[in-house]
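The following exercises introduce a single protein model. Each task is followed by a solution that proceeds step by step.

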Amino acid sequence: AEGEHAKVGVRNHRKDALDMVKSLKNDGLSEDMAKDAEGEIQKITDAFIKKVDDLVDAKEKDIMTI
């Protein structure tokens, strides 16, 4: 449950970051830079989701061995 809660938090931050990029695009940020930023945001999000999954897996193994 805590792992899912953490993933929801990461996704909420991704949404906030994408909204910021969209706002900057409306203020004159180039289309290429916006796409690059969106790709980078997704890459960071994927990395943190993987970290959460790895930590949850490690904790499950730890709990199962006790």
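A residue is called buried when its relative accessible area is under 20%, exposed when it is over 50%, and partly exposed in between. The model is predicted.

**Exercise 1. Overall form**

Task: Determine how many helices and strands the protein has, and set its radius of gyration beside that of a compact globule.

Solution. Step 1: The protein contains 2 helices and 0 strands. Helix H1 covers residues 2-26, and helix H2 covers residues 31-65.
Step 2: For 66 residues, a compact globule would have a radius of gyration near 11 Å, whereas the protein has 16 Å.
Step 3: The C-alpha trace spans about 55 × 15 × 5 Å along the principal axes.

**Exercise 2. Surface and charge**

Task: State what share of the residues is buried, and describe the surface and the charged side chains.

Solution. Step 1: Of the 66 residues, 14% are buried.
Step 2: The protein exposes about 5,300 Å², of which carbon and sulfur atoms supply 59%.
Step 3: There are 12 positive and 16 negative side chains, and the centres of these two sets are 2 Å apart.

**Exercise 3. The surroundings of Lys7**

Task: Decide whether Lys7 is buried or exposed, and identify its contacts beyond the neighbours within four places in sequence.

Solution. Step 1: Lys7 belongs to helix H1.
Step 2: The relative accessibility of Lys7 is 12%; the limit for a buried residue is under 20%, and therefore Lys7 counts as buried.
Step 3: With neighbours within four places in sequence set aside, Lys7 is in contact with Ile49, Val52 and Asp53.

**Exercise 4. A link between the helices**

Task: Examine the salt bridge between Asp53 and Lys7 and classify the accessibility of Asp53.

Solution. Step 1: In this salt bridge, the closest N and O atoms of Asp53 and Lys7 are 2.8 Å apart.
Step 2: The bridge joins distant parts of the chain, since Asp53 lies in helix H2 and Lys7 in helix H1, with their positions 46 residues apart.
Step 3: Asp53 has a relative accessibility of 28%; this value falls between 20% and 50%, so Asp53 counts as partly exposed. Its partner Lys7 is buried, at 12%.
Step 4: The pair is part of a network of salt bridges that links Glu4, Lys7 and Asp53.

**Exercise 5. Salt bridges within a helix**

Task: The structure holds 8 salt bridges. Explain how the partners Asp19 and Lys15, and likewise Glu38 and Lys35, are placed along their helices.

Solution. Step 1: The side chains of Asp19 and Lys15 form a salt bridge with an N to O distance of 3.0 Å. Both residues are in helix H1, and because they are 4 residues apart, about one helical turn separates them.
Step 2: Asp19 has a relative accessibility of 38% and is therefore partly exposed.
Step 3: Glu38 and Lys35 also form a salt bridge, their closest N and O atoms being 4.0 Å apart. These two residues are 3 residues apart in helix H2, so they too are separated by about one helical turn.
Step 4: Glu38, at 25% relative accessibility, counts as partly exposed.

**Exercise 6. A distance along helix H1**

Task: Classify the accessibility of Arg11 and give the separation of its C-alpha atom from that of Val21.

Solution. Step 1: Arg11 lies in helix H1.
Step 2: Its relative accessible area is 34%, so Arg11 is partly exposed.
Step 3: Arg11 and Val21 are 10 residues apart along the chain, and their C-alpha atoms are separated by 15 Å.

Key:
Residues numbered from 1 in each chain as written. Predicted model: local features only at pLDDT ≥ 70, side-chain atom pairs only at ≥ 80, totals over all residues. Heavy atoms only, no water. Buried < 20%, exposed > 50% of the residue type's maximum accessible area, 1.4 Å probe, protein only. Contact = heavy atoms within 4.5 Å. Rg over C-alpha atoms; globule rule 2.2 N^0.38 Å. Areas by Shrake-Rupley, 256 points an atom, 1.4 Å probe, with all protein chains shown as cover. Lys, Arg positive; Asp, Glu negative; His and termini not counted. Charge placed at Lys NZ, Arg CZ, Asp CG, Glu CD.
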